[in-house]
Amino acid sequence: MPPFELLRKVAEGTAAEAFLARAPGTQHSIQVEVSRAEVLEDVELYGRFLDRALGRKDFQHPHLLQRDSAGCGTDGRVYVATEPVDGPTLADRLKKQGPLD
């Protein structure tokens with residue numbers, strides 16, 4: 001697992017789980033996306049996840065999350081730490097308001 005204190009799961013998908021977390025020794029909240037263990041068994045999916053995790057550091061845009069750190073845990077799973085996101089999920093929005101235009 002990544003070097004963070006995982007507080008609670010906030011989302012999950014087919015390739016990863018997202019957690020609200022805190023860096024050790026701080027009160028600074030972050031969001032950590034951790035690849036699922038099954039991703040380790042799929043070389044192509046693992047490579048894409050790793051490329052996305054490590055490549056995200058070079059992007060700065062008002063509509064993109066700012067990456068705090070990324071890497072591989074001791075178990076080989078990839079993690080990406082970003083600023084936390086507060087608000088409804090896309091699934092919540094689609095249920096409430098229907099398809100995007």
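**Exercise 1. Find the residues that line the largest pocket of this predicted model, then sort out which strands and residue types they come from.**

Solution. Start with the roll call: the lining consists of Arg 8, Val 10, Ala 11, Ala 18, Leu 20, Gln 31, Pro 84, Val 85, Asp 86, Gly 87, Pro 88 and Thr 89.

Next, match them to strands. E1 (5-12) and E2 each chip in at least two residues, and E1 gives the most, with three.

Now look at chemistry: seven of the lining residues are nonpolar, three polar and two charged. To finish, put a volume on the pocket, about 280 Å³.

**Exercise 2. Work out how the chain is laid out, from its elements to its overall span.**

Solution. Count the elements first: you should get two helices and five strands. Reading from the N terminus, they come in the order β-β-β-α-β-β-α.

Then go to dimensions. The C-alpha trace spans about 40 × 35 × 25 Å along its principal axes.

Last, two chain-wide figures. Of the 101 residues, 31% are buried. Among contacts with a separation of 6 or more, 37% link residues 24 or more positions apart.

**Exercise 3. Take strand E5 (residues 78-82): is it mostly covered or exposed, and which strand is it joined to by four bridges?**

Solution. Check burial residue by residue, with under 20% relative accessible area as the cut-off. Five of the five residues in E5 pass, so the strand is mostly covered.

Now split E5 by side-chain direction. Val 78, Val 80 and Thr 82 point one way, while Tyr 79 and Ala 81 point the other, and all are buried.

For the partner, go to E3 (residues 29-35): four bridges join it to E5, and the two run antiparallel. As a spot check on the register, Glu 33 sits opposite Val 80.

**Exercise 4. List the members of the largest nonpolar core and trace which strands feed it.**

Solution. You're after nine residues: Phe 4, Phe 19, Ala 21, Ala 23, Ile 30, Val 32, Val 34, Tyr 79 and Ala 81. E2 (16-22), E3 and E5 each supply at least two of them, with E3 giving the most, three residues.

A separate core of eight residues lies apart from this one, and its members include Ala 15, Tyr 46, Val 78 and Val 80.

Finally, zoom in on Ile 30. Leaving out residues up to four places away in sequence, Ile 30 touches Phe 4, Phe 19, Leu 20, Ala 21, Arg 22, Ala 81, Thr 82 and Pro 84.

Note on methods
Residues numbered from 1 in each chain as written. Predicted model: local features only at pLDDT ≥ 70, side-chain atom pairs only at ≥ 80, totals over all residues. Heavy atoms only, no water. Buried < 20%, exposed > 50% of the residue type's maximum accessible area, 1.4 Å probe, protein only. Pairing = 2+ DSSP bridges. Core = buried A, V, L, I, M, F, W, Y, C linked by side-chain atoms within 4.5 Å. Contact = heavy atoms within 4.5 Å. 1 Å grid on protein atoms, 1.4 Å probe; cavity = no way out; pocket = protein on both sides within 12 Å on 5 of 7 lines; lining within 4 Å. Points joined across faces, edges and corners; volume = space filled by probe spheres on them. Nonpolar A, V, L, I, M, F, W, Y, C, P; charged D, E, K, R; others polar.
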